[in-house]
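Student: Hey, can we look at this one together? I'd like to get a feel for the pockets and the ligand.
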Amino acid sequence: MSIRDLGARFDLAGQTALVTGCRRGIGRAAAVGLAASGANVVGVSAALEEGGGDVGEDVRACGRTFLGFRCDLSDRDSVYRLLAELGGLALPFDILVNNAGTIARRPAAEHSDDLWDRVLEVNLTAQFVLTREVGRGMLHRGAGKAVFVASMLSFQGGINVPGYTASKSGLVGLTRALANEWAGQGVNVNAVAPGYIKTDNTRALQDDPERSADILARIPARRWGTPDDIVGAILFLCSSAADYVHGSVLPVDGGWLAR
Ligand SMILES: NC(=O)c1ccc[n+]([C@@H]2O[C@H](COP(=O)([O-])OP(=O)(O)OC[C@H]3O[C@@H](n4cnc5c(N)ncnc54)[C@H](OP(=O)(O)O)[C@@H]3O)[C@@H](O)[C@H]2O)c1
C-alpha cells in the first residue's frame, strides 16, 4: 500500500474485534471507536446486559454487529466457558482488546490473599489465557492485533494498590514476551498505558479532594483524561498503520510520565 493511502490503513472494515470490559469506561469507548472504524464487535463484561445494553446499542448505531457475553474473568472456569462459546462462533478474531480490569485499594500490610488473587486473576491471568487462545487463531492466519491496557502503575509503584501495580507491571512483561514470539508471525502485541482517567476505576481518587488535587497538579495537560482520550491510541495499535509496532507500551497520560 502506498503512503498516499495511509488513511485507509486505519480502516477496520470487515474485521472482528473482541473487547473485554466493554460495558463501561475505556472498554465501552474502545468498542464504539472500533465500530466507528468499521469493525464488528464481540464484547465481554462481568455484568453485560442481555443484548449488550448501551454499548450494544452504540455499536449497532455505527452500522456494525455486536455480540455480547457475560463472563466473570476472576473465575478461571468461566474464562474457559467463555472461550468455548467464542470458539462456537467460528469467527476469525482480527483484534483483541484486553481491557477488563479491576482494582482493590487497601494498604499493603492489610492486602489479603483474596484481594491479591482476584486482582491478579482478572488483570493478568485471564488476559494471558484469552490472548493465548485467541492469539493461536491469529497465528494460524498469520495476522492479528492484540492490545493490553496497562497503566501508569506499569511504571510506578502507586499507593495502597500492590496487587494492581504488580498486575499492570506484569502486563508490560507479557506484552513484550508475546511480541517477541509473535512479531515474526504477523501478529502485533502492544499496550496502551492510560494516565488518570475519569471512570469508576478511579472513583475513590476523584472523590478524595486531597488526592484528586495532587494528581491534577502533576498532569501537564491540566485535566484528567476521559475514556475517549484513550481510543485513538487503541485504534492505531489495532490498525494496519501499526504493522511494524511490536511490544510497545504507548502512554496516553496528558504528559504524566514526562514530569
Ligand atoms: N481509569 C483509569 O484511570 C485507568 C488508568 C489506567 C488503566 N486503566 C485500566 O483500564 C481498563 C478499563 O478500566 P476503566 O477505567 O474503564 O474502569 P471501569 O469503568 O471500572 O471498567 C472496568 C471494566 O472491566 C470490567 N470488569 C471488571 N472486572 C471484571 C471481571 N471480573 N470480569 C469481567 N469484566 C470485568 C467491568 O465490567 P462490568 O462493567 O460488566 O462490571 C468494566 O466494563 C482497566 O484494565 C483499568 O485497569 C484505567
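Tutor: Sure, one term to begin with: on a 1 Å grid over the protein atoms alone, a pocket is an open set of points with protein on both sides within 12 Å along at least five of seven lines, and its lining residues have an atom within 4 Å of a point. A molecule sits in a pocket if more than half of its atoms lie within 2 Å of its grid points. This is a predicted model, where local features need pLDDT of at least 70, side-chain atom pairs count only at pLDDT 80 or more, and totals for chains, interfaces and linings use all residues. Residues are numbered from 1 along each chain as its sequence is written, and side-chain values use heavy atoms, with hydrogens and water left out.

Student: Okay, so where does the ligand sit?
Tutor: In the largest pocket. That pocket has a volume of about 1,000 Å³, a volume being the space filled by probe spheres set on the points, which are joined across faces, edges and corners.

Student: Which residues lie nearest the centre of the largest pocket?
Tutor: Gly101, Thr102, Tyr164, Thr199 and Asn201, out of 45 that line it.

Student: And how many residues surround the ligand?
Tutor: 30, and the closest are Arg24, Ala47, Asn99, Tyr164 and Thr199. Here, a residue counts if one of its heavy atoms lies within 4 Å of the ligand.

Student: What polar contacts does the ligand have, with N or O atoms within 3.5 Å?
Tutor: A polar side-chain atom of Asp72 is 2.9 Å from a ligand nitrogen. A polar backbone atom of Cys71 lies 3.3 Å from a nitrogen of the ligand, and a ligand oxygen is 2.7 Å from a polar backbone atom of Asn99. The protein covers 95% of the 890 Å² of accessible area that the ligand has on its own, using the Shrake-Rupley method with a 1.4 Å probe.

Student: Switching topic: what's the volume of the second largest pocket?
Tutor: About 180 Å³. Its lining includes Leu83, Phe93, Glu133 and Arg141.

Student: Which helix gives the largest share of that second lining?
Tutor: α4, with four residues. Helices here are DSSP runs of H or I with at least four residues, numbered from the N terminus. α4 (113-141) also supplies at least two residues of the shell around the ligand.

How values were computed
A polar contact is a pair of N or O atoms within 3.5 Å; within protein, one must be able to donate a hydrogen and the other to accept it, and residues adjacent in sequence count only if both atoms are side-chain atoms. On a 1 Å grid over the protein atoms alone, a cavity is a set of points where a 1.4 Å probe fits but cannot get out, and a pocket is an open set with protein on both sides within 12 Å along at least five of seven lines; lining residues have an atom within 4 Å of a point.
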